[in-house]
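Please work through the exercises below with the sequence and the coordinates at hand. Each task is followed by a solution in steps.

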Amino acid sequence: MEILFSDFFQRALLGGLLIGLTAPLIGIFLVLRRLSMIGDTLAHVTIAGVALGFLINVYPLVVGLVFAVISSFAIEKLRRAYKGYAELSIAVIMSGGVAVASFLFTLGQGYNTDVTSYLFGSIYTLGRTDLYLVGGVTVVVLAVVVFFYKELFLLTFEEDAAAVSGLPVKLLNMLITVLAALVISTAIKIVGALLVSALLTIPVACSLFLAKSFRMSIVLSVVIAEIAVIVGLIVAGIWNFAPGATIVLLLILMLLLTLVACRGYTV
Amino acid sequence: MSAIPTADCHQPMIELRDVCFSYKDQHVMKDLNFSVKERDFVGIVGSNGAGKTTLLKMLVGLMPPTGGEIRLFGESIRQFRDWERIGYVPQKNALNMLFPATVREVVTSGLFTNKSIFRRLSRDAKAKLDDALQVMRIEDIADKRIGRLSGGQQQRVFLARAMINQPDLLVLDEPTVGIDAETQDGFFELIRHMHQHHNITFLMVSHDIDRLEDYLGKEPRQQNGKIKFFVRHSHDDLDCGETNLQHSIPLVGSVE
């Protein structure tokens, strides 16, 4: 039990709470625009950046973040080139990211254990600098979603209608993708690159069945993510489970409960 | 919102001058000259692949023409900023049934334009919303999720969204696809009524040539490639400068 009051656990909890807020907040726009898989893609690219960071001895999470943002531009470009087949852009960039990452791994054999911590998350090693980074990203994400709530809603609901209303559709699309890159690259330290898209998508998947309105589905997704993060971290802390995996398994449990509860109820 | 009182009040809302569109060296449209004037009801008819949707997309700025010029309300489309003057009703099948939005949220989104970015909705937004809901007789379902409604109800919701800014021009893209015949009749009745009594100009793409011909006559005004343009003018005898009827007058009394 003492673990719950230790410094590293408190930092983990704070970091987890911040990611539990930002991940579903961005996730809802991604899921509803049929870009659920973008989380995985950006996470894999981030790993390539992290690997480079280790190689050139620069703060890995920041290099990962830069990689993710650059690749988000590439995804957007490809998404427009293959309009209607958005998932193609995602598949291309994802395999590109994995390729670069594994290439860089082989260049610097020595840091494999560190890289593993980014693959599966190592929330207990969350340092003060990491927390500042997560905090900064949270402020940016919150500000954008609050300021552009109306525009993001219309864009997500129907891109053509948003364009006919004179909204800067390209810019808004870019904004969502860049924010996704920021959230994902900071979240991988917490749940791990392989699991990050769960935090983006599963809370939203639950809320699609439960929420009566768009506003409510945002609130619900955040609540569900926060419950999973808090309970997951405490359970993992007490019984010494892998924190990232515990959080994701809890999310899946909540999704199953939602589906059972809404059985026979089609929206 | 009032008609502009000039010598010729039936001003062109849309002008196409020598508009061309080609896709991979294939001409979809060549030297199209056409104008939509105030209070026109223009039906655009053509088979699949004739370029109807392309034309519509060019007219609302979603796609640039490969040649020629498009003017909206007297202004080149590249400079045009008054997008709230145009209401847009998309194809119904663009909607994902699981999308978690209420009728109220969808209709309100009609107010989100280039001019409302960075701003809170104005105080009269609520009044406009209530008005649009009432006019389309969808107040009772205002808090339902859009995906749970019937096709006909959804179409009313989209119409309400397009009407919330009290636009001068309504653009409809195949609005009755996937709706049963009876509901289609009701829908046509409704937009006819809007055309005749609310001075709204219509531009509608449809494959439903029979229903359009009933209202617009059998002779197309113009044909370009495989696309035919049917036009009907409303109230030619009305005085220029007469304002739009208030939208709070229910539109649909005879339609239910």
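The exercises treat the chain contact, chain B, the helices of chain A, the salt bridges and the cysteines.

This is a predicted model, in which local features need pLDDT of at least 70, side-chain atom pairs count only at pLDDT 80 or more, and totals for chains, interfaces and linings use all residues. Residues are numbered from 1 along each chain as its sequence is written, chains are lettered from A and ligands numbered from 1 in the order in which they are written, and side-chain values use heavy atoms, with hydrogens and water left out.

**Exercise 1. Describe the contact between chain B and chain A.**

Step 1. Count the residues in contact (heavy atoms within 4.5 Å). Chain B contributes 30 residues and chain A contributes 30 residues.

Step 2. Determine the buried area, that is, the accessible area (1.4 Å probe) that two parts lose on being put together, summed over both. It comes to about 2,700 Å², with 68% from carbon and sulfur atoms. Of the area that chain B buries against chain A, 24% is supplied by B:Phe99, B:Pro100 and B:Phe112, more than any other three residues.

Step 3. Search for salt bridges (a side-chain nitrogen of Lys or Arg within 4 Å of a carboxyl oxygen of Asp or Glu). There is one salt bridge between chain B and chain A. A salt bridge joins the side chains of B:Arg161 and A:Glu158, at 2.7 Å from N to O.

**Exercise 2. Characterise the fold of chain B and the surroundings of B:Leu203.**

Step 1. Assign helices (H or I, at least four residues) and strands (E, at least two) as DSSP runs, numbered from the N terminus. Chain B has six helices and ten strands.

Step 2. Classify residues as buried (under 20% relative accessible area), exposed (over 50%) or partly exposed (in between), with a 1.4 Å probe and protein chains only. Of the 256 residues in chain B, 54% are buried. Among the contacts in chain B with a separation of 6 or more, 74% are between residues 24 or more positions apart.

Step 3. Examine one buried position. B:Leu203 lies in strand β8 (residues 201-206) of chain B and is counted as buried because its relative accessibility is 2%. Beyond its neighbours within four places in sequence, its contacts include B:Ile14, B:Val36, B:Leu169 and B:Leu172. B:Leu56 and B:Leu59 are also among these contacts, and both are buried residues of α1(B).

Step 4. Turn to that helix. In α1 (residues 52-59) of chain B, six of the eight residues are buried. B:Gly61, with a positive phi near 80 degrees, follows α1(B).

**Exercise 3. Locate two residues of chain B other than glycine that have positive phi.**

Step 1. B:Asp18 has a phi near 50 degrees. This residue belongs to strand β1 (residues 12-23) of chain B and is partly exposed at 41% relative accessibility.

Step 2. B:Gln166 has a positive phi of about 50 degrees. The loop between α4 (151-163) and β7 (169-173) of chain B holds B:Gln166, which is partly exposed at 22% relative accessibility.

**Exercise 4. Compare the length of helix α3 of chain A with its expected span.**

Step 1. The expected span is 1.5 Å times one less than the number of residues.

Step 2. For the 22 residues of α3 (residues 60-81) of chain A this gives 32 Å, and the end C-alpha atoms are 31 Å apart, so the two agree.

Step 3. The buried residues of α3(A) include A:Leu61, A:Leu65, A:Ala68, A:Ser72, A:Glu76 and A:Arg79.

**Exercise 5. Examine salt bridges within the chains.**

Step 1. The search over all chains finds 15 salt bridges.

Step 2. In chain A, the side chains of A:Lys150 and A:Glu151 form a salt bridge at 3.4 Å, N to O; A:Lys150 and A:Glu151 are both buried.

Step 3. In chain B, B:Glu84 and B:Lys115 pair at 3.2 Å, N to O. This pair links distant parts of the chain, as B:Glu84 and B:Lys115 are 31 residues apart.

Step 4. Salt bridges with shared partners join B:Glu15, B:Arg17, B:Glu69 and B:Arg71 into one network. Within it, B:Arg71 meets B:Glu69 at 2.9 Å, N to O.

**Exercise 6. Explain why A:Cys262 forms no disulfide (a pair of cysteine sulfur atoms within 2.5 Å).**

Step 1. The whole structure contains zero disulfides.

Step 2. The closest cysteine sulfur to that of A:Cys262 belongs to A:Cys206 and is 9.2 Å away, so the distance is too far for a bond.

Step 3. A:Cys262 is buried, with a relative accessible area of 11%.

Methods. A disulfide is a pair of cysteine sulfur atoms within 2.5 Å.
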